[in-house]
Every structure is written in C-alpha cells, then in structure tokens.
Amino acid sequence: MTKHILVTYATRAGSTGEIAESIGQSIAAHGFVVDVTPVREKPTLEGYDGVVIGSAVRMGQWLPEAVEYLKANQAALKAMPAAIFTVHILNLADDQTSQDYREGYIAPLKPLIQPVDTAFFGGKLDTKRLKFAERLITKLVKAVDSDNRDWDRIRGWGSGVADKME
Ligand SMILES: Cc1cc2nc3c(=O)[nH]c(=O)nc-3n(C[C@H](O)[C@H](O)[C@H](O)COP(=O)(O)O)c2cc1C
C-alpha cells in the first residue's frame with residue numbers, strides 16, 4: 001500500500017518552506033504520497049506513515065511553533081519514523097566550533113524526538129522579507145543578504161529520508 005508522508009515546517013521569511021517543498025518532491029519521487037504543510041496549520045499526524053519536520057533558526061533556536069508541534073505530537077512521533085531539518089545562516093562551516101553551535105540549535109529537541117535522520121541546511125537572508133524589528137537585528141549584526149541553499153544537497157537528503165521510510 002502507498003505510504004503517506006507529511007513534510008511540515010516553520011518559517012518566517014519563506015526560505016524554509018521552499019526547502020520543505022523540495023524535500024517533499026524528492027520523497028514523492030520514491031512513490032510516496034506527500035503533503036507539505038506549514039506547522040502553524042497544526043497538521044494531524046493521523047494517517048501518515050512518516051514525518052519530516054523542519055524549522056528556521058531565529059536567535060539560536062528553532063521557531064517556537066515547531067517546538068510546540070513536537071511537544072503536542074509526542075505520542076504520534078514515537079510511533080512513526082521522523083526526520084528533522086534545520087535552516088540557518090551562521091555556523092555553516094565544517095569545523096568543530098560550527099558543528100557544536102549547529103548542534104546547539106537542536107539540543108532542546110532531544111527529549112522530544114528521536115529522528116531517523118537530521119540535517120542542517122544553509123538558508124537565505126532576504127532583508128526585504130523581514131519585519132522591521134528583525135531587519136533592525138540584521139543591520140546591527142551587519143548581516144548581508146545571501147542565499148546559501150544547496151539544492152543538490154537538499155534533494156539528496158530528501159531522497160535518503162525516503163529510503164529510511166520505506
Ligand atoms: C532576526 C534573525 C535572526 C536569526 N538568527 C539566526 C541564528 O541565531 N543562527 C543562524 O544560524 N541563523 C539565524 N538567522 C538566519 C535564518 O535562520 C535564515 O535566514 C533562514 O533561512 C530563515 O528561514 P525562513 O526564510 O524560513 O524564515 C536569523 C535570521 C534573522 C532574520
């Protein structure tokens with residue numbers, strides 16, 4: 001029987017949603033039926049055989065609605081394969097310090113989910129799409145607009161996740 005997979009994500013400026021769509025397409029290419037839905041819509045996990053959950057990082061943390069979603073769905077998450085991805089723009093390098101910082105973004109999730117796979121993806125900073133307060137923060141830290149999304153890597157990860165959900 002065809003398996004159903006949910007890809008759900010939390011975003012502020014849209015780049016995580018585009019990554020979620022790409023992951024969804026990679027999983028669908030393996031013959032799964034895939035829904036890609038924002039976490040703010042609180043999608044039920046009923047009827048799904050696996051789930052991928054992703055969030056943008058703001059101020060060193062997953063967005064609160066994504067963490068809430070993990071908390072609210074703990075029983076269902078224990079009963080199906082779940083993978084997580086994190087979208088961010090700092091600490092993208094391979095050195096130990098960057099890796100430690102990245103791991104710090106998801107450390108608070110450890111009691112909530114035991115993922116079959118975990119990924120960190122470079123995101124996109126587009127200051128035009130930010131609210132005033134956020135734009136101010138990016139100005140203060142002198143962040144410049146950039147798109148770090150590696151679509152081959154994102155597609156490859158989605159494909160690997162599909163293999164783990166078969
Ligand atoms: C106000 C603000 C705070 C951010 N804080 C972090 C951070 O602490 N660490 C990091 O790696 N990236 C940080 N970022 C970068 C975002 O995670 C990145 O731009 C991501 O692609 C945003 O996803 P979205 O477009 O789905 O909202 C921050 C971006 C903004 C605008």
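## Overall build

The chain contains six helices and eight strands. The model is a predicted one. Read from the N terminus, the elements follow the order β-α-β-β-β-α-α-β-α-β-β-α-β-α. The radius of gyration is 16 Å, close to the 15 Å that the globule rule gives for 166 residues, so the chain is as compact as a globular protein of that length.

Along the principal axes, the C-alpha atoms occupy a box of roughly 50 × 30 × 30 Å. Of the 166 residues in the chain, 33% are buried. Among contacts with a separation of 6 or more, 79% join residues that are 24 or more positions apart.

## Surroundings of the ligand

The ligand is surrounded by 23 residues, and the closest are Ser15, Thr16, Ala56, His88 and Gly123. Sorted by class, this shell holds ten nonpolar, nine polar and four charged residues.

Several elements contribute to the shell. At least two residues each come from α1 (15–28), β3 (50–58), β5 (82–88), β7 (124–125) and α5 (132–140).

## Helix α1 and its partners

Helix α1 consists of 14 residues. From its first C-alpha to its last, α1 reaches 20 Å, close to the 20 Å expected at 1.5 Å a residue. The buried residues in α1 are Ser15, Thr16, Ile19, Ala20, Ile23, Gly24, Ser26 and Ile27. Two of these, Ser15 and Thr16, are also listed with the residues closest to the ligand.

Valine 36 belongs to strand β2 (residues 33–38). It counts as buried because it has 20 C-beta neighbours inside 10 Å. Leaving aside residues up to four places away in sequence, valine 36 touches Val7, Ala20, Glu21 and Gly24. Its C-alpha atom is 9.6 Å from that of serine 22, and the two residues are 14 residues apart along the chain.

Glycine 158 sits in helix α6 (residues 151–164). It counts as buried because there are 26 C-beta neighbours inside 10 Å. Its contacts, not counting residues up to four places away in sequence, are Ser22, Ile23, Ser26 and Ile27. Glycine 158 and isoleucine 19 are 139 residues apart along the chain, yet their C-alpha atoms are separated by 9.8 Å.

## Helix α2: a buried side and an exposed face

Helix α2 spans residues 64–72, and its residues Ala66, Tyr69 and Leu70 are buried. These three cover an arc of only 100° around the axis, so they lie on the same side of α2.

The cover over the buried residues of α2 includes β1 (4–10), β3, β4 (61–62) and α3 (74–78). On the face turned away from the buried side, α2 carries the exposed residues Pro64 and Ala72.

## Helix α5 and the loop that follows

Helix α5 is hardly covered, as the count of buried residues among its nine residues is zero. This helix nonetheless supplies at least two residues of the shell around the ligand.

Lysine 142 comes just after α5, in the loop between α5 and β8 (146–147). It is exposed because it has 6 other C-beta atoms within 10 Å. Its phi is near 55°, a positive value in a residue other than glycine.

## A second positive phi

Most residues other than glycine have a negative phi. Asparagine 91, which is not a glycine, has a positive phi near 55°. This residue is placed in the loop between β5 and α4 (96–106). Asparagine 91 is partly exposed, because 19 other C-beta atoms lie within 10 Å; the cut-off for a buried residue is 20 or more.

## The N-terminal end

Methionine 1 is part of the segment before β1. It is exposed, because 4 other C-beta atoms lie within 10 Å. Alanine 56 is 55 residues from methionine 1 in sequence, and the distance between their C-alpha atoms is 33 Å. Alanine 56 is itself listed among the residues closest to the ligand.

Terms used: Residues are numbered from 1 along each chain as its sequence is written. This is a predicted model: local features need pLDDT of at least 70, side-chain atom pairs count only at pLDDT 80 or more; totals for chains, interfaces and linings use all residues. A residue is near a molecule or strand if its C-beta atom, placed from the backbone, lies within 6 Å of it. Helices (H or I, at least four residues) and strands (E, at least two) are DSSP runs, numbered from the N terminus. Ala, Val, Leu, Ile, Met, Phe, Trp, Tyr, Cys and Pro count as nonpolar, Asp, Glu, Lys and Arg as charged, and the others, Gly among them, as polar. The radius of gyration is taken over C-alpha atoms; the globule rule is 2.2 Å times the number of residues to the power 0.38. A residue is buried if 20 or more other C-beta atoms lie within 10 Å of its own, exposed if 12 or fewer, and partly exposed in between; C-beta atoms are placed from the backbone. Two residues are in contact if their C-beta atoms, placed from the backbone, lie within 7 Å. The arc is that of the directions from the helix axis to the C-beta atoms. The expected span of a helix is 1.5 Å times one less than its number of residues.
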